[in-house]
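The exercises that follow ask for a careful reading of one chain, from its overall make-up down to single residues. Each task is followed by a solution that proceeds step by step.

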Amino acid sequence: MRSQLQYLQWQLLHERLSGVRRCAEENRTIIANKNGIRPLVGLLHSRDRRVQEGAARALLNMLAGHDEYTRKVVDMNNGVSAVVALLRSEQLTVRRLGTMLLSMINHHDKGDELIVREGGATLLVKELLNNSAPLPELKAICGLVHHNPSISLVVADAVQEVSLSLSRARALSLSLSL
């Protein structure tokens, strides 16, 4: 009797979750079809960290598993530059969200080239070298190189540039502490 009740409860929960997923998918489609992606990208420029985070999270949810929505960001005027700009934030959470968005964007034809043109490769390398848990940055950089092997030279230059900059900063810090 008890196991039957547990089974019915599990089945009801499963049905509710399926309904939520369908609703989320329907909302995602409605937002995309009503040109809702453009305003979300626009909110990435906000000076308010919470607005940036909210817009970035919404975009991550919108783009996940939907190449056609990611294509809209790539094809949008200043879409990729708005995402790359997140990597210039002082807030780690905002930078991380930007990194995850760039991981999605770099899978598209022009995405990787636009990321490099906007300075995203250098910013990703900087995040990689400055972060104690750099898995998202490493994934984004590997994705860039995988989708466009010629970008590996840009990434190598960025690693050299950022490493040199970090070495100088550490040397200056040491000399000031003495």
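A polar contact is a pair of N or O atoms within 3.5 Å; inside a protein, one of the two must be able to donate a hydrogen and the other to accept it, and residues adjacent in sequence count only if both atoms belong to side chains. The model treated here is a predicted one.

**Exercise 1. Determine what secondary structure the chain holds, and where confidence is lowest and highest.**

Solution. Step one is to list the elements: the chain has 10 helices and zero strands, and its pattern along the sequence is α-α-α-α-α-α-α-α-α-α. Step two is to look at confidence, which averages a pLDDT of 80 over the chain, with 80% of the residues scoring at least 70. Step three is to divide this by element: helix H1 (residues 2-33) has the lowest confidence, with a mean of 63, whereas helix H5 (residues 79-85) has the highest, at 94. Where pLDDT is low, the predicted coordinates should not be read in detail.

**Exercise 2. Describe the burial of the chain and its largest nonpolar core.**

Solution. Begin with the totals: 37% of the 178 residues count as buried, and the accessible surface comes to about 11,100 Å², of which 56% belongs to carbon and sulfur atoms. Among contacts with a separation of 6 or more, 66% join residues 24 or more positions apart. Turn next to the largest nonpolar core, which has 40 residues, and in which Ile37, Leu44, Leu101, Leu102 and Ile105 have the most contacts. Helix H3 (residues 49-63) gives the most to this core, contributing six residues. Finally, take Leu44 as an example: leaving out residues up to four places away in sequence, Leu44 touches Gln52, Ala55, Ala56, Leu59, Ala82, Val83 and Leu86. As background, nonpolar side chains in soluble globular proteins tend to be buried together.

**Exercise 3. Explain why the buried residues of helix H4 line one face of the helix.**

Solution. First identify the residues concerned: in H4 (residues 67-75), those that are buried are Tyr69, Thr70, Val73 and Val74. Then look down the axis of H4, where these buried residues fall within an arc of 150°, and therefore line one face of the helix. The general geometry helps here, because an α-helix has 3.6 residues a turn, so residues three or four places apart point the same way.

**Exercise 4. Establish what surrounds valine 84 and serine 81.**

Solution. Start with valine 84, which is located in helix H5 and counts as buried because its relative accessibility is 0%. Setting aside neighbours within four places in sequence, valine 84 is in contact with Leu102, Ile115, Glu118, Gly119, Gly120 and Leu123. The C-alpha atoms of valine 84 and glycine 120 are separated by 5.5 Å, although the two residues are 36 residues apart along the chain.

Continue with serine 81, also placed in helix H5, whose relative accessible area of 15% is under the 20% limit, so serine 81 is buried. The C-alpha atoms of serine 81 and glycine 119 are 8.7 Å apart, with their positions 38 residues apart in sequence. The side chain of serine 81 also reaches the backbone oxygen of asparagine 78 at 3.0 Å. Asparagine 78 itself belongs to the loop between H4 and H5, is partly exposed with a relative accessible area of 47%, and has a positive phi near 70° although it is a residue other than glycine.

**Exercise 5. Is arginine 95 buried or exposed, and which residues does it touch?**

Solution. Locate the residue first: arginine 95 is in helix H6 (residues 92-105). Its relative accessibility is 15%, so arginine 95 counts as buried. Next, examine the side chain, of which a polar atom lies 3.1 Å from the backbone oxygen of glutamate 90. Not counting residues up to four places away in sequence, arginine 95 touches Leu86, Leu87, Ser89, Glu90 and Glu127. As a further case from H6, serine 103 counts as buried at 9% relative accessibility and, with the same exclusion of sequence neighbours, touches Pro136, Lys139 and Ala140.

Notes
Residues numbered from 1 in each chain as written. Heavy atoms only, no water. Core = buried A, V, L, I, M, F, W, Y, C linked by side-chain atoms within 4.5 Å. Buried < 20%, exposed > 50% of the residue type's maximum accessible area, 1.4 Å probe, protein only. Helix = DSSP H or I, 4+ residues; strand = E, 2+ residues; numbered from the N terminus. Contact = heavy atoms within 4.5 Å. Arc of directions from axis to C-beta. Areas by Shrake-Rupley, 256 points an atom, 1.4 Å probe, with all protein chains shown as cover. pLDDT = per-residue confidence, 0-100.
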